[in-house]
Amino acid sequence: EQLRRTIEQMPKAELHIHIEGSLEPELIFALAQRNGVSLPYPSVEALRQAYAFTDLQSFLDIYYAGASVLLAEQDFYDMTAAYLARAARDNVRHAEIFFDPQTHTARGVPFETVVNGIWRACQDGPISASLIMCFLRHLSEDEALATLDESLPHRDKILGVGLDSSEVGHPPEKFARVFERARQLGLRLVAHAGEEGPPAYIESALDVLNVERIDHGVRCLESPELVERLVREQMALTVCPLSNVKLRVFDVMGSHNLRTLLDKGLVATVNSDDPAYFGGYMNDNFIAAFDALPLDATHARQLARNSFSAAFLGPEQKRAYL
Ligand code: ES4
Ligand code: ZN
């Protein structure tokens with residue numbers, strides 16, 4: 001109906017997309033064949049059937065297995081080009097793309113192969129895009145610091161740093177030094193917090209890491225004091241509705257707190273997280289949430305507006321969208 005067309009046609013920014021999570025099963029199989037990598041699944045259908053997650057860790061195990069087919073710079077280019085073309089169809093005009101260099105350097109793929117392939121696709125792409133390098137929080141801070149050092153020759157290609165992978169047991173404090181170093185280098189700062197982890201992780205991401213946006217952050221509602229602060233500071237939350245249901249952060253979409261976040265004045269945005277694994281891209285996330293929750297066209301426009309106000313764009317580019 002009309003609401004659906006409004007959602008589809010609105011210009012929007014995507015601020016929470018893991019590029020490795022955009023790798024569709026068909027492309028995983030094509031790259032496996034091209035690179036002579038053998039997969040533990042006989043077919044595209046069998047791989048897709050393995051996408052039955054019970055929590056974040058059960059997803060991450062399959063996500064890291066899928067990424068194992070990425071070896072050459074062209075593989076990273078093709079993956080990124082496919083995402084950008086798909087996002088453009090959803091009227092995404094700007095994307096701030098996460099990548100996980102340690103997932104690849106640990107397998108012997110050079111850092112420059114990863115960043116150059118992704119970056120070149122962004123240069124060639126149909127929409128504006130920039131790169132946020134994420135540290136894997138299940139690894140040590142020393143390994144994150146080594147990754148930051150490896151990125152320095154590519155400083156001009158990287159807008160910021162983030163923190164992803166297994167949240168519980170790996171609080172933001174573990175990465176205080178590497179985020180301080182990144183801040184001194186002029187990198188923008190974000191972190192996943194309050195997806196599976198408690199509100200205290202959101203607070204330490206703000207107080208210890210000095211992040212400028214919170215990725216997910218949906219568990220903030222468990223702390224009224226934290227909500228008051230996030231509203232006061234107009235701190236954006238990059239919410240990922242389909243991801244939250246697939247990883248059982250919420251049992252069903254009808255239980256998602258997106259409407260409540262907006263009602264409280266929080267700067268929530270809608271994003272796809274790992275679209276190839278969670279059942280949809282940007283507009284699919286909007287439509288799934290809007291079908292299940294009491295949200296109307298005013299909320300849709302607010303979410304699109306929030307996506308540009310929270311984007312790391314220059315004031316003149318922002319004004320063009322706001
Ligand atoms: C992720 Cl949904 C999510 N959470 C944490 N780390 C991730 N990496 C890719 N997707
Ligand atoms: Zn994420």
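**Exercise 1. Which residue in β2 is the bridge partner of I17?**

Before starting, note that this is a predicted model, in which local features need pLDDT of at least 70, side-chain atom pairs count only at pLDDT 80 or more, and totals for chains, interfaces and linings use all residues. Residues are numbered from 1 along each chain as its sequence is written, while chains are lettered from A and ligands numbered from 1 in the order in which they are written.

*Solution.*
- Find strand β2, residues 92-99, which runs parallel to β1 and is joined to β1 by five bridges. Helices (H or I, at least four residues) and strands (E, at least two) are DSSP runs, numbered from the N terminus.
- Look there for the partner of I17: I97.

**Exercise 2. Describe the sheet, from its strand order to its edges.**

*Solution.*
- Strands pair if DSSP finds at least two bridges between them. The order is β1-β2-β3-β4-β5-β6-β7-β8, an open sheet with parallel pairing.
- At the edges lie β1 (12-18) and β8 (267-270), each pairing on one side only.
- From one strand to the next, the twist averages 25°.
- Helix α10 (residues 199-207) packs on the sheet, where α10 touches β5 (188-193) and β6 (213-216); the directions of α10 and β5 make about 170°. Contact here takes C-beta atoms, placed from the backbone, within 7 Å.

**Exercise 3. Work out how α8 and α9 pack.**

*Solution.*
- Start with the geometry: α8 (residues 141-151) and α9 (residues 176-184) pack at about 20°, with axes 8 Å apart. Axes are lines fitted to C-alpha atoms, for helices over the stretch in contact, and angles run from 0 to 180 degrees between N-to-C directions.
- Now classify the angle: α8 and α9 are roughly parallel, since angles under 35 degrees count as such, over 145 as roughly antiparallel, 65 to 115 as roughly perpendicular and the rest as oblique.
- List the residues that meet: E141, A144, L145 and L148 from α8, with R177, V178, R181 and A182 from α9.

**Exercise 4. Is F286 buried or exposed?**

*Solution.*
- Locate F286 in helix α15 (residues 282-292).
- Count its neighbours: 30 C-beta atoms inside 10 Å, so F286 is buried. The cut-offs are 20 or more other C-beta atoms within 10 Å for buried, 12 or fewer for exposed, and partly exposed in between, with C-beta atoms placed from the backbone.
- Beyond its neighbours within four places in sequence, F286 contacts I7, V270 and A300.
- Compare sequence with space for I7 and F286: 279 residues apart in sequence, yet 7.0 Å from C-alpha to C-alpha.

Definitions and conventions
Contact = placed C-beta atoms within 7 Å.
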